Amino acid sequence: MALLNEDRLFPLESRSRGIARALYDKVRHLPIVSPHGHTDPKWYALNEPFPDPAQLFVTPDHYVFRMLCSQGIALTDLGVPRVDGGPTEEDGRKIWRLFARNYHLFRGTPSRLWLDHSFEAVFGLRERLSAKTADHFYDHISECLGKPEFRPRALFERFNIEVIATTESALDDLRWHDMIRRSGWKGRVVTAYRPDSVVDPEFENFRENIERFGELAGTDATSWHGYLEAHRIRRAFFKNYGATSSDHGHATARTENLSEAEAASLFAKALAGRCSAEEADAFRGHMLTEMARMSLEDGLVLQIHPGSWRNHSVEVLRRHGRDKGFDIPTRTDYVRALKPLLDAVGMRPELTVIAFTLDETSYSRELAPLAGAYPALKLGPAWWFFDSAEGMRRYRELTTETAGFYNTVGFNDDTRAFCSIPARHDVARRVDCAYLATLVADGRLDEDEAGEVAIDLAYRLAKQAYRL
């Protein structure tokens, strides 16, 4: 008995379902282009076996442990590390059994689709995970992980990944990317420039970060001009390791286009630790415009990932640190927020700015109309809380009428969970084929056109938008 239904996510109506199947056959085996994500480059550099099933599926995946935490299960019982180095569960089998006993919590969620796809397609397991089957799953996956064909590079090739982008801080030395390059392995793993720690005055240890930034760049980053030059130098360093994009995870989508004197004054206040919350937001907003200008110089695509109240739980942040499942979507005003940046560079077709959102209400009202007008602006795919079948479907319904398909940028999986990558791309391809099938069935698109669009959405648009 298979875990996966071959017609999952396709339309219920028979004619549309048949069209969706035919479209899906055109894209199901296309290479994966993963232009934005958070897998660890160390995996590909060292190519060591993954430690155990819990370390592969549970402990690093915030989609998984946030659901378990919501039902009162302690993160320490799931092996999630503590900031103070205090005790957490280290027995992978105990963590796995706890996960398996609570697998029913994932019914109907995208995580269930991704996990079942990984269990069946990657590890050949064809029964449902439960308390009863927990040890069988654990033993089988552990045995597989000990084989050469389940090491990171082998899985990369088996998943048919053409290129994958990781995301590193502007303060990262990119040692793992250097090791990948020197290894002679042909898998294409590139980095992306993430400067949040040196553009956000509210980021912990901001001044120390700026001083380290200057050391890495070989310039005095504590002066305004030296600071901007340090960004140019570090961006060039990242480009040398394959970067084609920068990534900015700000709390809001606010942009500013301040005078040099105003920007320098704000920077000085930030270094001194005297910025108000309003001034910190203004500085972050101005730096998005500065990054866009630098993108005109060096060609990096600018990604804006705003609208998350990150680390919402003070207790979890204090105990476990950043990015532990407590980032919550907020409302975002893109029309006003992006206007200063768009006034400065929005009509430049050689620039690509990709805007994402966690506020679905903004798709038809704001983002699709903006992307459907400004040459520099493209619309990122359904992201994070909405990279589900329902979220992807809503995305197409809310954006296509105004932005079309070609002001969007295909799909990116944005994941730390390596084995879920083919599952996530498969879901996106199925949802897009299902949506295209309805356009064919109701006479809005010819089937040959739908076939071209399906390939564009699954493969070509991501390569084009991210210059890969």
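These are legends for several close-up views of the structure. The model is a predicted one, where local features need pLDDT of at least 70 and side-chain atom pairs count only at pLDDT 80 or more, while totals for chains, interfaces and linings use all residues. Residues are numbered from 1 along each chain as its sequence is written, and side-chain values use heavy atoms, with hydrogens and water left out.

**View 1. R28 and E6 meet in a salt bridge.** The closest N and O atoms of this pair are 3.1 Å apart; a salt bridge here is a side-chain nitrogen of Lys or Arg within 4 Å of a carboxyl oxygen of Asp or Glu. R28 sits in the loop between α1 (14-27) and β1 (32-34), and E6 in the segment before α1, so we're looking at a link between distant parts of the chain, 22 residues apart. (Helices are DSSP runs of H or I with at least four residues, strands are runs of E with at least two, and both are numbered from the N terminus.) R28 is partly exposed at 30% relative accessible area, and E6 is partly exposed too, at 44%. For the cut-offs, buried is under 20% relative accessible area, exposed is over 50%, and partly exposed is in between, using a 1.4 Å probe and protein chains only.

**View 2. R322 pairs up with E204.** Here the N to O distance in the salt bridge is 3.0 Å. The two residues are 118 apart in the chain: R322 is in the loop between α15 (314-320) and β9 (328-329), and E204 in the loop between α10 (196-199) and α11 (206-217). Both ends are partly exposed, R322 at 30% and E204 at 42%.

**View 3. E279 and K269 bridge two helices.** Their closest N and O atoms lie 2.6 Å apart. E279 belongs to α14 (residues 277-298) and K269 to α13 (residues 260-271), so the salt bridge ties together parts that are 10 residues apart in sequence.

**View 4. A network of salt bridges joins several side chains.** Its members are D200, E202, R254, E256, E278, D281 and R284. For context, the structure as a whole holds 46 salt bridges.

**View 5. Helices α18 and α19 cross.** The axes of α18 (residues 362-371) and α19 (residues 389-403) come within 8 Å and cross at roughly 40°. Axes are lines fitted to C-alpha atoms, for helices over the stretch in contact, with angles from 0 to 180 degrees between N-to-C directions. That makes the pair oblique, given that under 35 degrees counts as roughly parallel, over 145 as roughly antiparallel, 65 to 115 as roughly perpendicular and the rest as oblique. From α18 come Y363, S364, A368 and P369, and from α19 come Y395, L398, T399, T402 and A403, contact meaning heavy atoms within 4.5 Å.

**View 6. S197 is tucked into helix α10 as a buried residue.** Its relative accessibility is 7%. Setting aside residues up to four places away in sequence, S197 touches S169, L171, F203, F206 and N209.

**View 7. A450 is a buried residue of helix α21 (residues 447-465).** A450 has 0% relative accessibility. Apart from neighbours within four places in sequence, A450 is in contact with L23, L436, V440 and L445. By contrast, the C-alpha atoms of A450 and P81 are separated by 47 Å, with their positions 369 residues apart along the chain.
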